[in-house]
Each structure stands twice: as C-alpha cells, then as structure tokens.
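Here is a brief report on one protein chain. It starts with the fold, then turns to the surface and the core.

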Amino acid sequence: MPDSDQLDHDDQALVRKLRQLTVESDHFAEIFREAHGMHRTDLNALAVIMDAAATDRAMSPGELAEALHLSASATTALLDRLDAAELIERVRSRSDGRRVELRMREQAKDLGRQFFLPLSAALSREWAQFDSAERRAVARFLSASIAATVHTRSEMARQS
C-alpha cells in the first residue's frame, strides 16, 4: 500500500484532480457563456481561433470544423452567430485569395480580457510558488495528458 504522500499524486488522484479542474473550468466558462448569451460551442470556437492566432496561425472554417468535430452546416451556423455578435470576422487570405480566414474582433478580445484576466491573475499568484523546473514538469504533465486524451478520443471515435 502506498504511503499517504503518494496518495495525493498517484494516477487515480491525478485523474481526479484533472476531472475537478475540468468541472471547475466548465463552471467558470458557463458564467461567461450565460452572461453573453453564447452557446458552449461558441466559446470553444473562440478559444480555438484565439489559440491559433497566439501562434500566428490563421484558422480557416474547415480547420475550425475539424478542431470542433462539427459538420460544415453546423460550422456555418456557428460562424454566422459569432459574426452577427461581432466577435469574429471572415477575411480573405492575403497569400491565397480563395482561402477564408477567421479573426477575432477587438470586441471579443475585450470581453475575454474583462472576464478571464481575474482568473489569469489568480492562477499566476498560485503558480508563483513553483520554480522553473516544477513549471516545466507541470507543462510536460499537461501536454502528455492532453495528448493521451486526444489519442483516446480519436481511438474511441474510430471504433464507433
């Protein structure tokens, strides 16, 4: 039997902590979603578009559909909602005029900052207790957890 120190970070405990973080993150996002009359998929789309932009990668509607596992018609409806709310815009690519790229409007960025900056600040305060090596370990842990989740999801989707 593992000692009590191991019990807080064995595999089951880590899965439980990830699940708790997911649930709490969902509750937090729900407040934002309700306050702005958005669908959950709308929030996910904005996160995917924002993450692409953060790495200087342009996101096309097709890439967004693939990332969110949506049909073409569901993606069009989603983009129409986000466009009508003036949160995103569809622009022609400068390098390939046939390609449409999705960009977040400043209003979406402002809304996100107003709501998520307090959480970001709270997380930064908590994370300040970790040294650089610990933060690298956490980053590796999270990356591995994401990769395992994506792989397992893909396998399950393929089997069904």
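## Fold, surface and core

The protein chain holds seven helices and two strands. The model is a predicted one. Read from the N terminus, the order of elements is α-α-α-α-α-β-β-α-α. Two strands thus sit between five helices and a final pair of helices.

Some whole-chain values come next.

| Property of the protein chain | Value |
|---|---|
| C-alpha trace span along principal axes | about 60 × 40 × 30 Å |
| Exposed area | about 11500 Å² |
| Distance between mean positions of positive and negative charges | 5 Å |

Carbon and sulfur atoms supply 55% of the exposed area. The charges number 22 positive and 26 negative. Of the 160 residues, 20% count as buried. Among contacts with a separation of 6 or more, 41% join residues 24 or more positions apart.

Now the interior. The largest nonpolar core has 21 residues. Within this core, Leu64 and Leu82 touch the most other members. Helix H2 (11-35), helix H3 (40-54), helix H4 (61-68), helix H5 (72-84), strand S2 (100-104) and helix H6 (106-127) each supply at least two of its residues. H3 gives the most, with five residues. In soluble globular proteins, nonpolar side chains tend to be buried together.

What does leucine 64 touch, leaving out residues up to four places away in sequence? Its partners are Ala45, Val48, Ile49, Met59, Leu78, Leu79 and Leu102.

Methods. Residues are numbered from 1 along each chain as its sequence is written. This is a predicted model: local features need pLDDT of at least 70, side-chain atom pairs count only at pLDDT 80 or more; totals for chains, interfaces and linings use all residues. Side-chain values use heavy atoms; hydrogens and water are left out. Helices (H or I, at least four residues) and strands (E, at least two) are DSSP runs, numbered from the N terminus. Buried means under 20% relative accessible area, exposed over 50%, partly exposed in between (1.4 Å probe, protein chains only). Contact means heavy atoms within 4.5 Å. Accessible areas come from the Shrake-Rupley method with a 1.4 Å probe; for residues, only the protein chains shown count as cover. Lys and Arg count as positive and Asp and Glu as negative; His and the chain ends are not counted. The place of a charge is taken as NZ of Lys, CZ of Arg, CG of Asp or CD of Glu. A nonpolar core is a set of buried Ala, Val, Leu, Ile, Met, Phe, Trp, Tyr and Cys residues joined through side-chain atoms within 4.5 Å.
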